[in-house]
Amino acid sequence: MEKRPLIICTDPGIDDFVALSMLLHRPDFEILGIICISGNVGLDITVNNALLACELNGREGIPVIAGSAKPLCRPARTACNIHGKSGLGESVERYSKRSAQKLDAAAFIADATRRLPGKLEVLSLGPLTDVAIAIDRYPEIRSLFRSITVMGGGIHLGNATKYAEFNIVSDPEAAQIVYTSGSPVVMVGLDATQPCLIPRSRIAEMKADSELGNLIPAMLADYADVYRSVHGIEGLIIHDAICAVSLWHPEWFQTEKQHVEIMLTEDDHLGQTYILENEKPNCTVCMGCDTEKVNDEIIKAVQAVI
Ligand code: BDR
Ligand code: CA
């Protein structure tokens with residue numbers, strides 16, 4: 001079986017960490033590199049957490065690269081209120097012994113795209129800054145991606161603000177560059193992820209007597225505490241893991257081809273993803289998914305790695 005070459009751009013983040021743990025064990029992907037970006041927490045911490053994910057999942061050989069420390073043209077926004085100061089929940093603080101490779105993130109994406117025309121997949125689980133820089137600096141790669149799958153946006157809802165989702169509003173200019181680049185974008189936003197609420201009681205199914213088997217339930221319990229205190233909900237939504245599942249089970253996601261752009265106005269619509277009806281489609285938008293199958297898949301995948 002030919003492996004699918006994949007670059008992951010991520011800001012771990014509790015749900016990023018779960019997505020990475022699932023992906024690092026999949027035999028169908030060749031993970032060429034993990035590019036970290038500031039997002040949920042600052043860049044140094046997201047790099048640490050990605051290195052930790054590789055270490056604990058036995059994949060130290062995968063290059064971890066420090067990408068952008070801030071968005072294209074605005075100050076960085078964080079989500080420490082949700083992911084804790086460590087990015088992995090209030091009760092988890094772990095340091096990796098390794099450090100990131102000294103590589104330029106945008107050049108890394110461009111090189112891989114040129115080397116593997118029509119084959120490279122990018123999975124973006126954080127703000128789109130580095131993907132946008134790559135596309136902007138090396139425009140010839142726009143038509144060479146197999147896909148750029150983005151956890152981000154929401155046609156009918158927001159979470160960081162009333163209208164905008166966190167990853168998109170964190171760097172809306174970058175998102176606009178990527179969505180309108182002509183590259184094949186797949187958007188797995190809140191329309192698909194928000195209905196995938198996992199009841200808090202199911203965290204126990206992801207517990208085991210191992211390092212990851214302790215760490216993952218601890219961070220998910222902290223994450224569930226935030227859902228309880230902020231939203232009054234007894235459950236959690238592992239957004240980035242849901243997006244990751246769409247790579248190997250696309251048939252569980254309902255999609256539409258649409259033309260999507262990003263609001264860049266300085267008001268509460270900043271970062272909103274919206275559809276332009278009469279324009280040529282630029283994006284495959286996931287409007288929903290089989291929530292039961294997706295959640296069971298995440299729990300099953302975590303059970304397999306702990
Ligand atoms: C997205 O924002 C981040 O907080 C999560 O890691 C996820 O990528 C959900 O809106
Ligand atoms: Ca993320």
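Student: What makes Asp11 a donor to the calcium ion (ligand 2)?

Tutor: Distance. This is a predicted model, and in it the calcium ion (ligand 2) is coordinated at 2.3 to 2.5 Å by Asp11 (OD), Asp16 (OD), Asp16 (OD), Leu125 (O) and Asp240 (OD). For Ca the cut-off is 3.2 Å, so these atoms count as donors.

Student: How are those donor residues spaced in sequence?

Tutor: The pattern is D-x4-D-x108-L-x114-D. Asp16 sits in helix 1 (residues 14-23), while Leu125 is in the loop between strand 4 (121-124) and helix 5 (129-137), so this pair ties together parts that are 109 residues apart in sequence. Asp16 and Leu125 are both buried, too.

Student: Why is Ser38 called buried?

Tutor: Its relative accessibility is 7%. Buried means under 20%, so Ser38 qualifies. You'll find Ser38 in the loop between strand 2 (29-36) and helix 2 (43-56).

Student: How do you know that Ser38 has a polar contact with Ala69?

Tutor: A polar atom of the Ser38 side chain lies 3.0 Å from the backbone oxygen of Ala69. The limit is 3.5 Å, so the pair fits. Ser38 also touches other residues, including Asp11, Thr46, Lys70 and Pro127.

Student: What is special about the peptide bond from Pro12 to Gly13?

Tutor: That bond is cis, with omega near -5 degrees. Most peptide bonds are trans. Gly13 belongs to the loop between strand 1 (4-10) and helix 1.

Student: Which residues of the largest nonpolar core touch the most other members?

Tutor: That core has 64 residues, and the ones touching the most other members are Leu23, Ile34, Leu220, Phe253 and Ile298. Leaving aside residues up to four places away in sequence, Ile34 touches Ile8, Leu20, Val64 and Ile65, among others. There's also a second, separate core of 37 residues, with Cys9, Ile35, Leu120 and Met187 among them. In soluble globular proteins, nonpolar side chains tend to be buried together.

Student: Why is the pairing of Arg26 and Asp28 called a salt bridge?

Tutor: Their closest N and O atoms are 2.9 Å apart. The cut-off is 4 Å, so the pair counts. The structure holds 18 salt bridges.

Student: Are Arg26 and Asp28 buried or partly exposed?

Tutor: Arg26 has a relative accessible area of 21%, so Arg26 is partly exposed. Asp28, at 12%, is buried. The line between the two classes is drawn at 20%.

Student: What makes Asp104 and Arg137 a salt bridge?

Tutor: Their closest N and O atoms are 3.1 Å apart, and that is within 4 Å. Asp104 lies in the loop between helix 3 (80-83) and helix 4 (105-115), and Arg137 in helix 5, so the pair ties together parts that are 33 residues apart in sequence. Asp104 is partly exposed at 40%, and Arg137 is partly exposed at 43%.

Student: How do you know that Lys300 is exposed?

Tutor: Exposed means over 50%, and Lys300 has 53% relative accessibility, so Lys300 passes. Its salt-bridge partner, Glu297, counts as buried at 9%. The side chains of Glu297 and Lys300 meet at 3.4 Å, N to O. Both are in helix 11 (residues 291-305), three residues apart, so about one helical turn separates them.

Student: Which residues do shared partners join into one network of salt bridges?

Tutor: Arg200, Asp225, Arg228 and Glu234.

Technical notes. Residues numbered from 1 in each chain as written. Chains lettered and ligands numbered in written order. Predicted model: local features only at pLDDT ≥ 70, side-chain atom pairs only at ≥ 80, totals over all residues. Heavy atoms only, no water. Donors = N, O, S within 2.8 Å, 3.2 Å for Na, K, Ca; no water. Helix = DSSP H or I, 4+ residues; strand = E, 2+ residues; numbered from the N terminus. Buried < 20%, exposed > 50% of the residue type's maximum accessible area, 1.4 Å probe, protein only. Core = buried A, V, L, I, M, F, W, Y, C linked by side-chain atoms within 4.5 Å. Contact = heavy atoms within 4.5 Å. Polar contact = N/O pair within 3.5 Å; in protein donor to acceptor, adjacent residues only side chain to side chain.
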